[in-house]
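Here's a quick tour for someone who hasn't met this structure before. Have a look at it first, then read on.

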Amino acid sequence: MTAYLLKRLAIAFATLVLASMVVFAVLEVLPGDPARLMLGMNASADQVELLRNQMGLNAPLVLRYLHWAGGLLSLDFGRSYTYSVPVIDLVRERLAVSLPLALIALALSTIIAIPVGLYSASRRGRAGDTISMGVAQLGVAVPNFWFALMLIYIFAVWLRLVPAGGFPGWAAGAWPALKSLLLPAVALALPQAAILARVTRSALIEVLNEDYIRTARAKGLPYRAVLWRHALRNAMIPVLTILGLQFAFLLAGTIIIENVFYLPGLGRLVFQAITQRDLIVVESVVMLLVAAVIAVNLVVDLSYAAVDPRLRTRQ
C-alpha cells in the first residue's frame with residue numbers, strides 16, 4: 001500500500017508539472033497585449049512598454065514560467081494586473097463562496113442519487129425503475145441554468161423564501177450566507193444527481209448478478225440487507241469515480257450558475273480575468289483548480305482500496 005501511495009503521488013506531481021506548462025503556454029499564445037488592454041487603445045507606446053516592464057512581460061518566456069511556477073510552490077501567486085491586489089487574496093475570498101457551494105451541491109447530489117439508484121436497481125424492469133430513470137434522463141438533458149431560473153421564479157419571486165441572488169458574506173452570519181447558496185446548490189445538484197443515479201443503478205445491476213449475491217440470498221439474508229451490505233459496497237468504485245469528477249466540476253465549472261445568481265465565486269473570477277486579460281489571475285486560479293482535481297482523483301484512487309479489499313491484496 002505504501003508503494004502504491006508513493007507511485008500515485010509521483011504521478012500526481014508529474015501531472016501537475018505538465019499541466020502548469022500547458023496552462024502557461026496556452027495563455028501566452030492568446031491574442032491581445034495585457035498592458036495595452038489595461039491602459040486602453042489611446043495609450044502611447046512608451047506607456048505600454050513601461051507597463052510591460054513593470055509586469056515582467058518582456059522577460060524571456062522560460063524565466064517567466066520558472067518565476068511563476070516557483071511562486072506557486074511557495075503559494076505566492078503574484079499580483080493581479082486588474083485589481084492590484086495579491087492573487088492569493090482574491091482566491092481566498094472567492095473560494096469562501098465556491099467551496100461551500102460545491103460541497104453543499106455534492107452532498108445534495110449524493111443524498112438524492114444513491115437511494116434513487118438503489119430503488120431503481122432493486123426494481124429493474126418495473127414501473128418504479130422506468131419512472132425514476134425517466135426522471136433521471138430528464139435531469140441529464142435539461143441544463144442547470146434552466147433549473148436555476150425555475151428555482152428563482154418559484155422560491156424567490158413567487159414564494160419569497162430565499163434571495164434571488166447575491167452573497168451577503170460570511171460576516172453577515174452563517175444562515176444568511178447558506179440561504180443565499182441554497183438555490184445555486186440545488187440547481188447544480190439536480191443534474192449531477194441524475195447522472196450519479198444512473199451510474200449507481202448500472203453498477204448495482206451488474207453486481208446483483210454476481211454469484212456471491214445469489215449465495216447471500218440462498219443463505220436467507222433479507223433482500224434489503226443484501227442490497228445495502230453486499231451489493232452497494234461492491235458497486236461503489238464507479239460511483240466514487242463519478243463523485244470525484246463531479247466535485248471537480250462543481251468547484252471549477254460553475255461559471256454559468258455563479259453568473260445567474262450573481263455569486264462572487266472562482267468561476268466568475270476566472271471569467272472576468274479572461275475578459276480583462278489578467279493572465280496572472282487566470283494562470284494561478286486554473287492551476288489551483290488543476291491541483292484540486294488531481295488531489296480529488298488521488299483521494300478517490302485511495303478510497304478504492306478502502307471499499308474493495310481485493311485491490312489492497314493486488315497492491
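Serine 20 sits in helix H1 (residues 2–28); helices are DSSP runs of H or I, at least four residues, numbered from the N terminus. With 6% relative accessibility, serine 20 counts as buried, a word that means under 20% relative accessible area, while exposed means over 50% and partly exposed is in between (1.4 Å probe, protein chains only). Setting aside neighbours within four places in sequence, serine 20 is in contact (heavy atoms within 4.5 Å) with Tyr65, Trp68 and Met287.

A word on the source: this is a predicted model, where local features need pLDDT of at least 70 and side-chain atom pairs count only at pLDDT 80 or more, though totals for chains, interfaces and linings use all residues. Residues are numbered from 1 along each chain as its sequence is written, and side-chain values use heavy atoms, leaving out hydrogens and water.

On to the largest nonpolar core (buried Ala, Val, Leu, Ile, Met, Phe, Trp, Tyr and Cys residues joined through side-chain atoms within 4.5 Å): of its 81 residues, Phe261, Val281 and Val285 touch the most other members. Helix H8 (residues 174–208) gives the most to this core, with 16 residues. Beyond four places in sequence, valine 281 has contacts with Ser80, Val87, Leu90, Leu269 and Ala273.

Now for some backbone oddities. Most residues other than glycine have a negative phi, but these two have a positive one:

| Residue | Phi | Loop between | Relative accessible area |
|---|---|---|---|
| Leucine 75 | about 60° | helix H4 (61–73) and H5 | 57%, exposed |
| Arginine 160 | near 55° | helix H7 (144–158) and H8 | 69%, exposed |

Technical notes:
Helix = DSSP H or I, 4+ residues; strand = E, 2+ residues; numbered from the N terminus.
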